[in-house]
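Student: I have a structure open and would like to learn how to read its features one by one. Could you walk me through it?

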Amino acid sequence: MGSPIVLGIESSCDETGAGLVQEGRLLGHAVASSMDEHARYGGVVPEIASRAHLHALRPVVRQALDQAGLRLADIDAVAVTTGPGLSGALQVGVAGAKGIAYALGVPLHGVHHLAGHVAADTLEHGPLPNPCMVLIVSGGHTSLLLVRDLARDPIVHLGDTLDDAAGECFDKVARVFGLPYPGGPAVDRVAREGNPRAVTFPRPLTGPRDAPYDFSFSGLKTAAARWAEGHAGRELPVADGAASLQEAVADVLTRKAVTACREHGVGTLVVVGGVAANSRVRSLAEERCRAAGIELRVPQLRLCTDNGAMIAAVGDLLVRAGAEPAPLDVSIDPSAPLEYAALQPVAAMARTA
């Protein structure tokens, strides 16, 4: 009998993803995004996202299976995002995963969404070094983590964002600059034509008395908005503003991450999450890691944003580690902190019934 094949399902926000992983190898994956439906509102509308997941889940699973040349009966375990994320969106994924797992008689594993981003790197670069430093940067999260055995050990938070995440800063400033949603890719695209030194934006929490590994991007967001307001009645040099904003974010993220590697004696930095797709974050991380003698690992662009492959990767690690499957009444936790890769909460009503 071959190694278990794990199906992963992701539905925490506006992407419906399914992926298949076997012993660290990606067999196939598919993603359906409802981003275009949200763009007219300038952000994700939870009800629209939930309805889109309902329509997309079955076709996405089928597409991933077809890409891998597999049948549903070939699946040996199912992993699903149980948090954090939008409540209704998570419920759709969990309900679908439960249905598949129970119909096939295979174990189900609940997975923390952010652990999925960490595991995404293993699909391209192999097992994570023990230990490694992980910088997670996305629309809702910015964290600096010390990771050992992802499937077994607790995840150590060295620092987290105190307010806006890096991706949220990009999205909100992009709107002020008149750029389309989602803001991150728009800022990155426009910044290529601008001067990153044109505007001296602040570098939050980089002073000698500041928390060394925490992040804060609300002040930077405000500074960018005030700069734009200062051009009232004049043409806004959007490219320069975007390039300078991007430089400030990339500077803070990479400076803190490389410092953490040095101070904790860790030789590998892994950068994951949607903002890891940003061209300046990637290039500055490469430059600073090379100078510090640190190995840099960043997943390919298609694995940086939300997808089912990353959830399957965590499920694969959990299965191979002999982790206990989720209970039959596993629920969701929309605001779950990242403590372990497995996240298998049980709803309070179910516990007291």
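Student: Happy to start with helix packing. How are α6 and α9 oriented to each other, roughly parallel or roughly antiparallel?

Tutor: Let's take the general idea before the case. Two packed helices are described by the angle between their axes and the distance between the axes. Keep in mind that this is a predicted model. Here the axes of α6 (residues 166–176) and α9 (residues 238–264) come within 11 Å, and they cross at roughly 175°. An angle over 145 degrees counts as roughly antiparallel, and therefore α6 and α9 are roughly antiparallel to each other.

Student: Which residues of α6 and α9 meet?

Tutor: From α6 come A166, C169, F170 and V173, and they meet L245, Q246, V249 and L253 of α9. Sorted by class, this contact of α6 with α9 has seven nonpolar residues, one polar and no charged ones.

Student: How should I read the nonpolar core, and which residues have the most contacts inside it?

Tutor: The general idea first. In soluble globular proteins, nonpolar side chains tend to be buried together. In this model the largest nonpolar core has 48 residues, and L135, F217, L253 and L269 are those with the most contacts inside it. Several elements each supply at least two residues of this core, including β6 (132–137), β7 (142–147), α7 (183–191), α8 (218–229) and α10 (279–292). The largest share of this core comes from α9, with 13 residues.

Student: What is F217 in contact with, leaving aside its neighbours within four places in sequence?

Tutor: With that exclusion, F217 is in contact with T142, D163, D164, A165, A166, C169, V249, V252 and L253. Of these, A166 and C169 belong to the α6 side of the helix contact we discussed, while V249 and L253 belong to its α9 side. Apart from this core lies another one, of 32 residues, among them L114, I136, A309 and M310.

Student: Let's turn to the strands. What is the order of the strands in the open sheet?

Tutor: Again, the principle comes before the case. Strands of a sheet pair through backbone hydrogen bonds, either parallel or antiparallel. This open sheet has five strands in the order β3-β2-β1-β4-β5, and its pairing is mixed. β3 and β5 (108–112) are the edge strands, each pairing on one side only. From one strand to the next, the twist averages 20°. Helix α4 (residues 113–120) packs on the sheet and touches β1, β4 and β5; the direction of α4 makes about 90° with that of β5.

Student: How does β2 pair with β1 and β3, and how many bridges are there?

Tutor: β1 (residues 5–10) and β2 run antiparallel and are joined by six bridges. β2 and β3 (residues 25–33) also pair in the antiparallel sense, over eight bridges. A18 is a handy residue to follow: I9 has A18 as its bridge partner in β2, and A18 stands opposite A30 in β3. Another pair to find is E15 with its bridge partner S33 in β3. As for the connections, a hairpin joins β1 to β2 through four residues, while the hairpin of β2 and β3 has two residues between the strands.

Student: Is β2 (residues 15–22) mostly covered or mostly exposed, and what about its two faces?

Tutor: β2 is mostly covered, with eight of its eight residues buried. Both faces are covered: E15, G17, G19 and V21 are buried on one side, and T16, A18, L20 and Q22 on the other.

Student: Which backbone features should I look for in the loops?

Tutor: A useful rule to begin with: most residues other than glycine have a negative phi, and most peptide bonds are trans. E23 is not a glycine, yet its phi is positive, at about 50°; E23 sits in the loop between β2 and β3. L205 also has a positive phi, near 55°, and lies in the loop between α7 and α8. For cis bonds, look at G83 and P84, whose peptide bond has omega of about -15°. The bond from N130 to P131 is cis too, with omega near 5°. P84 is in the loop between β4 (77–83) and α3 (87–104), and P131 is in the loop between α5 (122–125) and β6.

Student: One more loop residue: is H231 buried or exposed?

Tutor: Buried residues are those under 20% relative accessible area, so H231, at 14% relative accessibility, counts as buried. H231 is found in the loop between α8 and α9. Leaving aside its neighbours within four places in sequence, H231 is in contact with L236 and P237.

Definitions and conventions: Residues numbered from 1 in each chain as written. Predicted model: local features only at pLDDT ≥ 70, side-chain atom pairs only at ≥ 80, totals over all residues. Heavy atoms only, no water. Axes fitted to C-alpha atoms, helices over the stretch in contact; angles between N-to-C directions. Parallel < 35°, antiparallel > 145°, perpendicular 65-115°, else oblique. Contact = heavy atoms within 4.5 Å. Nonpolar A, V, L, I, M, F, W, Y, C, P; charged D, E, K, R; others polar. Core = buried A, V, L, I, M, F, W, Y, C linked by side-chain atoms within 4.5 Å. Buried < 20%, exposed > 50% of the residue type's maximum accessible area, 1.4 Å probe, protein only. Pairing = 2+ DSSP bridges.
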